[in-house]
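Me: Please take a close look at one part of this model, the place where the ligand sits, and then work outward to other features of the chain.

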Amino acid sequence: MAQVAISTRLTERLQIRHPVICAPMDNIAGGKLAAAVSSAGGLGVLGGGYGDEEAWFEREFGAAGNQRIGCGFITWALRRKPELFEAVLVRKPAAIFLSFDDPEPFASRARAAGIDVFCQLQTRADAERALDCGADVIVAQGTEAGGHGGSRATFTLVPEIADLIAQRAPRTLLCAAGGIADARGLAAALMLGADGVVVGTRFWACEESLVPAPLKLAALAAAGDDTVRQRLFDIVRQRAWPSRYTGRVLHNDFVREWLGREEELAADTFQRERYRAAAKAADPQIAATIVGEAIGLIKSIEPAGVILERMVAEAERLLARGPVIAGAGP
Ligand SMILES: Cc1cc2nc3c(=O)[nH]c(=O)nc-3n(C[C@H](O)[C@H](O)[C@H](O)COP(=O)(O)O)c2cc1C
């Protein structure tokens, strides 16, 4: 295990070695991945997604064993099943992530139970609201991110929210999310004013994630150019996402066929069946491969711990010495 450590307010607050959090990712960030990240010195977080299956939480908390992990929720979906929240609070997770939609009443409920609340958001207005709700950590998610999100870019959103926090609630912590997949991203995020990073796509493409192998393979061949923000997969899966959020996925045949024909797709019941079958078969040309622009930086599937240790060790070097400019000499 590497001896390097980058200490920040986040590592102190969460009592972790590295300021790196594995993003909650729907049903692919399960207990094995969360435990691997926590065991390597970061913090793993269960996805949980739409909360369709209470058994999913049961199983994946079990798969994490004794590791300290957090748990994520898609807030608008949780509103339909608040009993799930209570069932998770009883487990005393290391943190609760609330993403997409207003954090209340869940933020207050978690804080009353003594659990740190992370609000993942996409705009300055969302950040103002999260501060009103007493968020312990704001996760500023830029549009580069895999999965659902908004249109602001990480590079400007993070420092703007860092300034807002400094002015309004300096004890609140800040994490950057969206496009962070290696040491450069981690070092840059800290320079932008973040106390840590939330990493999704890089951990999606690791050994412990619950991603079917054909989707991982398809993604490794992709460049950042090959991703697109769209609503097609929410339409065909009948997920009632609020209209402000779009989802970033890999371009594939399904996207090519339906982009711009959303209304037609919504009325086509055959496509729902076609999609369900393709998702079950992990067909990357029809099923959604949910990754962000950072996929263009990822060339191999490795264990989460290896990814994390390398990211931190190289970021420490970058932060100590600055970037190495090719050809500039020692
Ligand atoms: C496959 C996948 C599924 C995701 N599902 C969720 C989710 O269920 N809840 C959530 O809050 N965020 C979800 N996200 C977004 C992440 O929390 C995070 O913001 C994003 O992955 C960070 O950007 P990056 O992918 O460039 O690292 C998902 C991201 C991915 C890649």
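Reply: The shell around the ligand divides into 9 nonpolar, 9 polar and 1 charged residues, where Ala, Val, Leu, Ile, Met, Phe, Trp, Tyr, Cys and Pro count as nonpolar, Asp, Glu, Lys and Arg as charged, and the others, Gly among them, as polar. This is a predicted model, in which local features need pLDDT of at least 70 and side-chain atom pairs count only at pLDDT 80 or more, whereas totals for chains, interfaces and linings use all residues. Residues are numbered from 1 along each chain as its sequence is written, and side-chain values use heavy atoms, with hydrogens and water left out.

There are 19 residues around the ligand, and those that come nearest are Ser-99, Gln-120, Gly-179, Gly-200 and Thr-201; a residue is near the ligand if one of its heavy atoms lies within 4 Å of it. Polar contacts can be described atom by atom, a polar contact being a pair of N or O atoms within 3.5 Å (within protein, one must be able to donate a hydrogen and the other to accept it, and residues adjacent in sequence count only if both atoms are side-chain atoms). The side chain of Ser-99 places an N or O atom 2.6 Å from an oxygen atom of the ligand, and the side chain of Gln-141 has an N or O atom 2.9 Å from a ligand oxygen. From Gly-178 the contact comes instead from the backbone, where an N or O atom lies 3.3 Å from an oxygen atom of the ligand. Taken alone, the ligand exposes 590 Å², of which the protein buries 97%; accessible areas come from the Shrake-Rupley method with a 1.4 Å probe, and for residues only the protein chains shown count as cover.

Strand 4 covers residues 95-99, and the loop that follows leads to helix 6, residues 106-112; helices (H or I, at least four residues) and strands (E, at least two) are DSSP runs, numbered from the N terminus. In this loop is Phe-100, whose phi is near 70°, a positive value in a residue other than glycine. Phe-100 is buried, with a relative accessible area of 9%, where buried means under 20% relative accessible area, exposed over 50%, and partly exposed in between (1.4 Å probe, protein chains only). The loop between strand 4 and helix 6 also holds Pro-105, which is joined to Glu-104 by a cis peptide bond with omega of about 10°. Most residues other than glycine have a negative phi, and most peptide bonds are trans.

Asp-102 belongs to that loop as well, and Arg-129 to helix 7, so their pairing ties together parts that are 27 residues apart in sequence. The contact is a salt bridge, with 2.5 Å from N to O, the rule being a side-chain nitrogen of Lys or Arg within 4 Å of a carboxyl oxygen of Asp or Glu. Asp-102 is partly exposed at 25% relative accessible area, and Arg-129 is partly exposed at 33%.

By this rule the count comes to 25 salt bridges. Among them, Arg-13 and Asp-136 meet through their side chains at 3.0 Å, N to O. Because Arg-13 lies in helix 1 (residues 9-14) and Asp-136 in the loop between helix 7 (124-132) and strand 6 (137-141), this pair ties together parts that are 123 residues apart in sequence. Arg-13 is partly exposed at 38%, whereas Asp-136 counts as buried at 8% relative accessibility.

Helix 7 takes part in a further bridge, in which the closest N and O atoms of Arg-124 and Glu-160 are 3.6 Å apart. This pair links distant parts of the chain, with Arg-124 in helix 7 and Glu-160 in helix 8 (residues 154-168), 36 residues apart. Salt bridges that share partners join Arg-124, Glu-128, Asp-132, Arg-152, Glu-160 and Arg-168 into one network.

Lys-216, in helix 11 (residues 213-220), offers a contrast: it is buried yet has no salt bridge, and the nearest side chain of opposite charge, Glu-208, is 7.4 Å away (Lys and Arg count as positive and Asp and Glu as negative, while His and the chain ends are not counted). A polar atom of the Lys-216 side chain does lie 2.8 Å from the backbone oxygen of Cys-206.
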